[in-house]
Amino acid sequence: MKVFWAMRDHPSAVLLLGQVVAILAYPFLDDSTAGRAVLGVLQLLLLLAAVAAVRLTPAFSWAACIFGGPAMIFAVWESVAPNEGWVVLASAFFHVPFYMFVSYAMIRYLFHDDVVTRDELFATGAAFTVVAWAFAYLYAAVQVIWPGSFGDHRQWFDLLYLSFTTLTSVGLSDIVPVLPNARAVVMIEQIAGVFYVAMVVARLVGLAAARARRF
């Protein structure tokens with residue numbers, strides 16, 4: 001019951017916490033097929049519940065049916081056959097647009113009025129992590145289409161690590177794109193990371209200035 005009330009009052013905070021827990025839990029479940037499958041499905045369910053709580057629209061309902069449902073199936077399938085090329089590609093085909101749509105919905109939630117609530121602040125972090133997950137799945141597809149894109153074949157969690165270090169522009173990753181196509185995708189994520197930070201900062205500064213003028 002407490003989880004239900006927390007999801008209703010602070011859905012973005014619960015989503016962000018869930019994303020962080022998934023990052024911390026994944027290394028312990030990396031050798032467990034069942035663990036990876038359960039974690040993948042629970043994460044997608046958390047995404048669906050959080051976005052439904054903050055922005056339930058007909059477009060989201062369609063996105064959940066077209067991309068969210070198949071993404072859950074392939075989350076389980078990919079945990080069973082993580083090195084099967086067509087499974088990785090199909091999983092990315094459904095995961096990437098679904099995660100991108102979720103991040104878009106969270107950003108729309110952040111920008112929908114002139115008042116910044118506590119949960120909307122959590123939404124800035126939640127949307128950021130969702131974008132990182134989307135690019136990790138995209139990188140997985142890239143290395144299937146162009147083998148050797150990141151040097152040796154990388155496991156999914158390594159690609160998630162690369163995605164976070166690229167999106168935050170900290171440059172800490174020991175995993176680097178080798179082939180031109182992979183480098184192009186990495187550059188797109190770098191642009192997305194800088195643009196996202198600039199957009200959120202501009203939004204908060206604009207609201208603070210507007211509030212100062214009112215008072």
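**Helix 7 and its two helical neighbours**

Helix 6 and helix 7 cross one another in a right-handed sense. This crossing is a good place to begin looking at the structure, which is a predicted model. Two packed helices are described by the angle between their axes and the distance between the axes. For helix 6 and helix 7, the axes come within 8 Å and cross at roughly 125°. An angle over 145° would count as roughly antiparallel and one of 65 to 115° as roughly perpendicular, so helix 6 is oblique to helix 7.

The residues that meet at this crossing can be picked out by name. Helix 6 brings Phe128, Thr129, Val131, Ala132, Trp133, Phe135, Ala136, Tyr137, Tyr139, Ala140 and Gln143, while helix 7 brings Trp156, Leu159, Leu160, Leu162, Ser163, Phe164, Thr166 and Leu167. Sorted by class, this contact holds 15 nonpolar residues, four polar ones and no charged ones. Helix 6 itself runs over residues 118–145, a stretch of 28 residues. From first C-alpha to last, helix 6 reaches 42 Å, close to the 40 Å expected at 1.5 Å a residue. Of the 28 residues in helix 6, 21 are buried, and the helix is mostly covered.

Turning to helix 7, the reader will find it at residues 156–167. Its twelve residues should span 16 Å at 1.5 Å a residue, and the C-alpha atoms at its ends are indeed 16 Å apart, so the two values agree. Helix 7 is mostly covered as well, with nine of its twelve residues buried. These are Trp156, Leu159, Leu160, Leu162, Ser163, Phe164, Thr165, Thr166 and Leu167.

A second neighbour of helix 7 is helix 2, residues 11–29. The axes of helix 2 and helix 7 come within 11 Å and cross at roughly 150°. That angle is over 145°, which means that helix 2 is roughly antiparallel to helix 7. This crossing is left-handed. Here Ile23, Tyr26 and Pro27 of helix 2 meet Trp156, Phe157 and Phe164 of helix 7. The contact has six nonpolar residues, with no polar and no charged ones.

Beyond helix 7, the chain enters the loop that leads to helix 8 (180–214), and Ser169 is found in this loop. Ser169 has a positive phi of about 60° although it is not a glycine. With a relative accessibility of 46%, Ser169 falls between the 20% limit for buried and the 50% limit for exposed, and therefore counts as partly exposed.

Definitions and conventions. Residues are numbered from 1 along each chain as its sequence is written. This is a predicted model: local features need pLDDT of at least 70, side-chain atom pairs count only at pLDDT 80 or more; totals for chains, interfaces and linings use all residues. Side-chain values use heavy atoms; hydrogens and water are left out. Helices (H or I, at least four residues) and strands (E, at least two) are DSSP runs, numbered from the N terminus. The expected span of a helix is 1.5 Å times one less than its number of residues. Buried means under 20% relative accessible area, exposed over 50%, partly exposed in between (1.4 Å probe, protein chains only). Axes are lines fitted to C-alpha atoms, for helices over the stretch in contact, and angles run from 0 to 180 degrees between N-to-C directions. Angles under 35 degrees count as roughly parallel, over 145 as roughly antiparallel, 65 to 115 as roughly perpendicular and the rest as oblique. A crossing is left-handed if the near helix is turned anticlockwise from the far one by less than a right angle, and right-handed if clockwise. Contact means heavy atoms within 4.5 Å. Ala, Val, Leu, Ile, Met, Phe, Trp, Tyr, Cys and Pro count as nonpolar, Asp, Glu, Lys and Arg as charged, and the others, Gly among them, as polar.
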